[in-house]
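This report covers strand pairing, one buried histidine, aromatic contacts and nonpolar cores. The chain and its model are shown first.

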Amino acid sequence: MKTSTQIRKEFLDFFAQQDHAVVPSASLVPMGDTTLLFTNAGMNQFKDVFLGTGSRSYKRAADTQKCLRVSGKHNDLDEVGHDTYHHTLFEMLGNWSFGDYFKKEAIAWAWQLLVDQWGLQPDRLYATVHEGDKKLKLEPDDEAADLWRSETTLPKDHVLYCNSKDNFWMMGDTGPCGPCSELHYDMRSDEEREKVPGIELVNADHPHVIEIWNLVFIQYNAQSDGSLVPLADKHVDTGMGFERITAVMQGKTSTYDTDLFAPLLQKTADLCPLAHVKGYEDIETDDEKELEQIRIAMRVIADHIRTIAFATADRAAPSNTGRGYVIRRILRRAVRYGYQFLEFREPFLHKLVQPLCDKMGEHFPELTKYQRSIERIMQSEEESFLRTLASGLQLFDRVIPYVNQLSEAKKDAVAGIQEELLQDSQTLDLLMKAYRDASKEDLVNAFIKVSQKGLLSGNVAFLLHDTYGFPLDLTEVMAREHNLGVNKEEFDAQMKQQKDRARAATSFAVDMSQNDTWNWVASSKDKTNFIGYTTGSLDKGSIQAVRTLENDKGEKQHHILLPETPFYAESGGQVGDIGLLQVGDDTVKVLDTVKEDGYFIHIVDKMPSHLDAPVKAEVDTERRLHIAKHHTATHLLHSALREVLGPHVQQQGSLVDPNRLRFDFSHFERVLPEQLRDVETIVNEHIQQNIAKQEEANVPIEEAMARGATALFGEKYGETVRVITFDPEYSMELCGGIHVDATGQLGVLRLMFETSVSSGVRRIEAITGQVATQLIQNELASFGQIRQQLNTHDDTPLEDRVAQLLQQNKELEYELAQMRLKNLTTELNTKMEQAEEIGPLRLMTGRFDGIDSGTLRDLAQNLSDRMPEGMVAVLGSAVPGEGKAYLAAVVSKELIKGQGIKAGQIVGTLAKMIGGGGGGRPDLATAGGRDPGKLDEALAHATQLLQEAVG
């Protein structure tokens, strides 16, 4: 039996022998293609060739492309685990022709590989071809059908004509397209094939009669009017599901039974806390439902670990936004299955990365290269979700029985369920959190109404999402396990309200009192022409439009729009420019510049008197230079972080202003001090090299990405972009901001601090230029003063002198503490001699003001070690400056047994008198309070307590 590794290699070797260039898989993150969240097909990396916007140095290619289908129309997530053949991540084996060979060669080579080399049985194979389409004015694809009959040994009746849905491929509404021919394989036993012929199950979603290879013949260009125009160059695009062909070759009816998944399933079983789970096929239980739940969970985990690891290696690590949030949802889905059905209570997913690397790391070296980073990111994500998972599941488990009852209840039974719910205080408290400001009666009625439809409340789903981190699709999976749905309309309404609340504080409304002649103009005008990359001034300008906005507090903003401007509008994290507008005789201050739908809006301190007067504009260029330094430093910092921490580092947000830079980035744990030093050193080395800026405008985005430019994930780019480079081997980014001409202008970079922003996102603040220089000068001056005060020579390390002083101080503090304890012990002995007799025992009380709770406890312990029989001691300390008082009680052991007197009970009672509480062992206990003025009263009350104790 061939291994999956052999099958992959033999496929690529076969097409290499047919003069195909074997190319590596593209990233799962399709950089430069804003239409895709993830690479979801083998053709994605060649899309520009088919569209005629790009080219390759070869005419034939073969590859195995990693693909991810978890969103949009290609979304297999719901089926994963619940059947035995769907996957989120899969490999697509493919061969390609760009204007070279066509149908004859593609069909012949497919047959040679599958039948002649791999030995698949011809009578189990079926080929489908396009049946034609009157709407598209296409005849049946007899050419392909004839080739299957003439160039192969496929049984003649195994060629099927099928409709456009299954056998006509289109990239989109317009663009390259063409008929396709699919190969299907019947994996069933001979007995099953005798009962139902395979020809009846082709394209019938049968799990064992499956498509294994799709040959697409791109020969038309779809027009906007629906017509098809023949292409001058015809292309071939084929895709064979690697997991499926591996199952076929290994004689398995499920892809999960292949050697691609076996190591992951076995490792999951090995880690599982359930003793009766020894392997995927070795689960000791007679409960069929439990058996199926465990196997579903194991399949989900085996599938999802591949997706998470590959995506993280391709810089789509789990996060709160965009692609990262999709991966976080998948990870949390896997954790939930492991928690509920396999009883994992500790992080476990990251432990599956090693067997995955063992199996796939040779062909996909990025897995092994970034293995440690992948593991640490996963572990951090698991730990974060496990902290809230149990609480969220408890909420779900409390609510779901009511939903089940109400979905099945008859009308006369609803009132009883309603009464039960109103008496269930715990569930009611949870619903009150979900329904926020609603009264009990209103929320119960709303909950009942939606539950009767067989839906979990969207408000509850939002609470699970917002408070406990449950993605909506995870809640939907959990609801589906109870044959219920989720009210998405309620969920979406809650999400919208949350976003609206976030925006409310900054919303402005238009004041329409302005003269209509100068009212805001948008659609009829060209977008603002920004000239600020080359100049900071404008000599001859005019006003295009004005407006005044007012918020609900009555605060006004005046806006001026110019056809062209040197003022940079806030975007990409860089703050907007400020400066002056000279409008006729009026000097107007520009307080900020912002962007709105392509227009650069100047926020000014007042409206000029004459709106038709000529305009001169002058940017505050000194301030802009400081901003430019910090923006360039941000690029250098980004590259250094990726070098030190790994390729998973992605910009998650930034702020660039004259005084600092703030950079948010994806990372799973605190950046260590030594790592920060390395980052700072790398950046400063590039500053010292004085690397010149390379600025390129209107670069085709495909070209920029092919050259290795870094883009901001989630950002939308046009067909052409601006590329800023400081050494192509170090920093190349798509950027619309202002930068210095060379890195040497920064002078020096200084990292100020690093902290957490949210789960998986860290933040660094740094300074550069004169701001950093001034800080360093101030610090050196401070160090000089400290050296002078410590009388330390320049050749003596300051840290050694400080360490010496700290050690001396520690020794002196210890000596002082010993002397103080000795004095307190002497005072204690005196008070012991003055102890008050109360029946059969003696009571000693005393104040030792100014000492903290720890010292008072040490004093009490000292007394306990040598206290005579029949004695009780109550000690007190007042620290008026801190507004605190402390108590300690000591009871000799025979009084505990004989009289039942306990130190904990004594301080517990007395502590209330000083506004506090406490407790401890029967022989020694302490307490604290906030009222030092009542300490004497508390100590005096000890006498009464003991009198009552001895009767």
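Helices (H or I, at least four residues) and strands (E, at least two) are DSSP runs, numbered from the N terminus. The model described here is predicted.

**A buried histidine**

By that numbering, His-235 belongs to strand S11, which spans residues 228-241. Its relative accessible area is 8%, so His-235 is buried, the cut-off being under 20%. The side chain of His-235 comes to 3.0 Å from the backbone nitrogen of Gly-99. Leaving aside residues up to four places away in sequence, His-235 touches Phe-50, Ser-97, Phe-98, Gly-99, Phe-102, Val-216, Phe-217 and Ile-218.

**Strands S19, S20 and S24**

Strand S19 (residues 545-550) and strand S20 (residues 556-561) run antiparallel and are joined by six bridges. Within this pairing, Arg-547 stands opposite His-559 of S20. Five residues lie between the strands of this hairpin, where Gly-554 takes a positive phi near 85°.

S20 also pairs with strand S24 (residues 599-604), again in the antiparallel sense, over four bridges. Here His-559 stands opposite Ile-603 in S24. His-559 thus has Arg-547 opposite it in the pairing with S19 and Ile-603 opposite it in the pairing with S24.

**Aromatic contacts**

The structure holds 22 aromatic pairs. One of them joins Phe-310 and Phe-364 in an edge-to-face arrangement, with 5.2 Å centre to centre and 90° between the planes. Phe-310 is in helix H9 (residues 288-313), while Phe-364 is in the loop between helix H11 (353-360) and helix H12 (365-369), so this pair ties together parts that are 54 residues apart in sequence. Phe-310 is buried at 1% relative accessibility, and Phe-364 is buried at 3%.

Another pair consists of Phe-530 and Tyr-533, which is edge-to-face because the ring planes stand at 85°, with the centres 5.0 Å apart. Phe-530 is buried, with a relative accessible area of 16%, whereas Tyr-533 is partly exposed at 34%.

The two pairs are set out below.

| Aromatic pair | Centre to centre | Angle between planes |
|---|---|---|
| Phe-310 and Phe-364 | 5.2 Å | 90° |
| Phe-530 and Tyr-533 | 5.0 Å | 85° |

Tyr-533 has a further partner: Arg-722 lies over the face of its ring, at 3.7 Å from the ring centre. Elsewhere, Arg-345 lies over the face of Tyr-339, also at 3.7 Å from the ring centre. Phe-11, Phe-14, Phe-15, Tyr-101, Trp-109 and Trp-213 make up one aromatic cluster.

**Nonpolar cores**

The largest nonpolar core has 141 residues, and those touching the most other members are Leu-114, Trp-118, Trp-148, Ile-212, Trp-213, Ile-245 and Leu-349. Helix H9 supplies the largest share of this core, 14 residues. Trp-213, listed among these core residues, is also a member of the aromatic cluster that includes Phe-11 and Trp-109.

Which residues does Leu-114 touch, not counting those up to four places away in sequence? They are Gly-119, Leu-120, Leu-183, Ile-212, Trp-213, Met-240 and Ile-245. Among these contacts of Leu-114 are Ile-212, Trp-213 and Ile-245, which are themselves named with Leu-114 as touching the most other core members.

A second, separate core contains 33 residues, including Phe-530, Ala-569, Phe-600 and Leu-746. Phe-530 therefore belongs both to this core and to the edge-to-face pair with Tyr-533.

How values were computed: Residues are numbered from 1 along each chain as its sequence is written. This is a predicted model: local features need pLDDT of at least 70, side-chain atom pairs count only at pLDDT 80 or more; totals for chains, interfaces and linings use all residues. Side-chain values use heavy atoms; hydrogens and water are left out. Two strands pair if DSSP finds at least two bridges between them. Buried means under 20% relative accessible area, exposed over 50%, partly exposed in between (1.4 Å probe, protein chains only). A polar contact is a pair of N or O atoms within 3.5 Å; within protein, one must be able to donate a hydrogen and the other to accept it, and residues adjacent in sequence count only if both atoms are side-chain atoms. Contact means heavy atoms within 4.5 Å. Rings of Phe, Tyr and Trp (its six-membered ring) pair if their centres lie within 6.5 Å; planes under 30 degrees apart count as stacked, over 60 as edge-to-face and the rest as tilted. A charge sits over a ring if NZ of Lys or CZ of Arg is within 6 Å of the ring centre and within 35 degrees of the ring normal. A nonpolar core is a set of buried Ala, Val, Leu, Ile, Met, Phe, Trp, Tyr and Cys residues joined through side-chain atoms within 4.5 Å.
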